[in-house]
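User: I would like to learn how aromatic rings are read in a structure. Could you take me through the features step by step?

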Amino acid sequence: MTAAILAAAMVLDAALGEPKWLWSRAPHPAVLMGRLVGFCDTRFNQGDARKLKGIAVTAALSALAIALGLLIQSLPLGWLWSLLLTAILLAQRSLVQHVTAVADALRLSLPDGRRAVSMIVGRDPEHLDEPAIARAAIESAAENLSDGVIAPAFWFLVAGLPGIFLYKITNTADSMIGHRTERHAQFGWAAARLDDVLNYIPARLTALLIALTTTPRAIETAARDGPKHRSVNAGWPEAAMAAALGLSLSGPRSYGGRMTADLPLNAGGTRHAMPADIIAATGILWRVWAGTLGIVAVIALL
């Protein structure tokens with residue numbers, strides 16, 4: 001039953017994406033999660049013992065997510081609420097739309113491309129040239145394929161609505177407080193570590209799915225270069241995507257005026273990415289989605 005619900009949710013998300021008419025009238029569940037994390041940050045991230053407070057907040061948010069998932073599943077028509085909420089919490093169509101928007105903007109002008117890519121990545125866009133913008137969009141596509149599609153689908157398949165709720169609240173908390181800044185290094189430590197744990201299998205599964213739908217070389221590259229990334233997980237889908245497209249991704253980048261010392265992924269590939277490469281990456285996003293849907297459908301029939 002869980003696999004059948006997931007398959008239906010994947011199709012619904014791919015067909016409808018994020019309807020503006022709905023989310024202009026009601027807050028998206030991810031927005032509500034963000035508000036809750038923001039409240040906890042404001043209320044508890046102060047004074048002494050911030051790491052301990054962060055652990056307690058992460059545990060409380062996790063328990064709340066699991067309990068809410070169990071409650072909704074137990075309601076009349078629980079399968080329907082599970083289907084609708086899972087479709088809302090998946091991000092296949094919206095991911096493709098946001099990445100495609102960068103290619104479209106980049107074809108218009110370099111400033112348009114910089115503005116578009118700044119909507120999906122955190123690096124400084126001011127001095128990015130066309131290949132750097134294209135690479136940034138493709139890196140975001142690969143990482144968010146894992147974070148926004150494969151990981152939530154995986155955790156729903158494993159644990160139903162409690163699983164996907166737990167994953168999404170943790171991923172939201174990591175994006176908001178899981179930074180190594182003076183304010184969040186201690187308080188966000190637990191959220192960042194739990195996010196690493198929950199993404200460990202999905203990130204590697206994403207790399208494998210990219211390889212299965214493109215070239216076997218992708219998983220070899222991911223296994224070799226994925227550990228070079230600053231993130232324990234993001235390097236795997238990014239390296240696999242790089243190999244699938246014949247590109248070299250990652251490498252030194254500027255955040256907040258500071259250049260990183262990140263190593264390139266698939267260093268033998270070209271750095272000269274173009275808008276056409278972004279479109280090719282969205283094609284891989286759909287291949288992986290289709291492959292995942294096929295696997296889920298087979299599980300549902302067993």
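Analyst: What follows treats ring pairs and then charges over rings. This is a predicted model, in which local features need pLDDT of at least 70 and side-chain atom pairs count only at pLDDT 80 or more, while totals for chains, interfaces and linings use all residues. Residues are numbered from 1 along each chain as its sequence is written, and side-chain values use heavy atoms, with hydrogens and water left out.

User: How many aromatic pairs are there by this rule?

Analyst: Rings of Phe, Tyr and Trp (its six-membered ring) pair if their centres lie within 6.5 Å, and planes under 30 degrees apart count as stacked, over 60 as edge-to-face and the rest as tilted. The count comes to 2 aromatic pairs. Phe154 and Trp155 form an edge-to-face pair, 5.1 Å centre to centre with 85° between the planes; Trp286 and Trp289 also form an edge-to-face pair, at 5.5 Å and 80°.

User: Which helix holds Trp286 and Trp289?

Analyst: Helices are DSSP runs (H or I, at least four residues), numbered from the N terminus. Both residues lie in helix α12 (residues 275–301), 3 residues apart, which is about one turn of the helix.

User: Which residues have a charge over a ring, Lys51 and which partner, Arg204 and which partner?

Analyst: A charge sits over a ring if NZ of Lys or CZ of Arg is within 6 Å of the ring centre and within 35 degrees of the ring normal. The charged end of Lys51 sits over the ring of Trp189, 4.2 Å from its centre, and Arg204 lies over the face of Tyr200, at 3.6 Å from the ring centre.

Key
Helix = DSSP H or I, 4+ residues; strand = E, 2+ residues; numbered from the N terminus.
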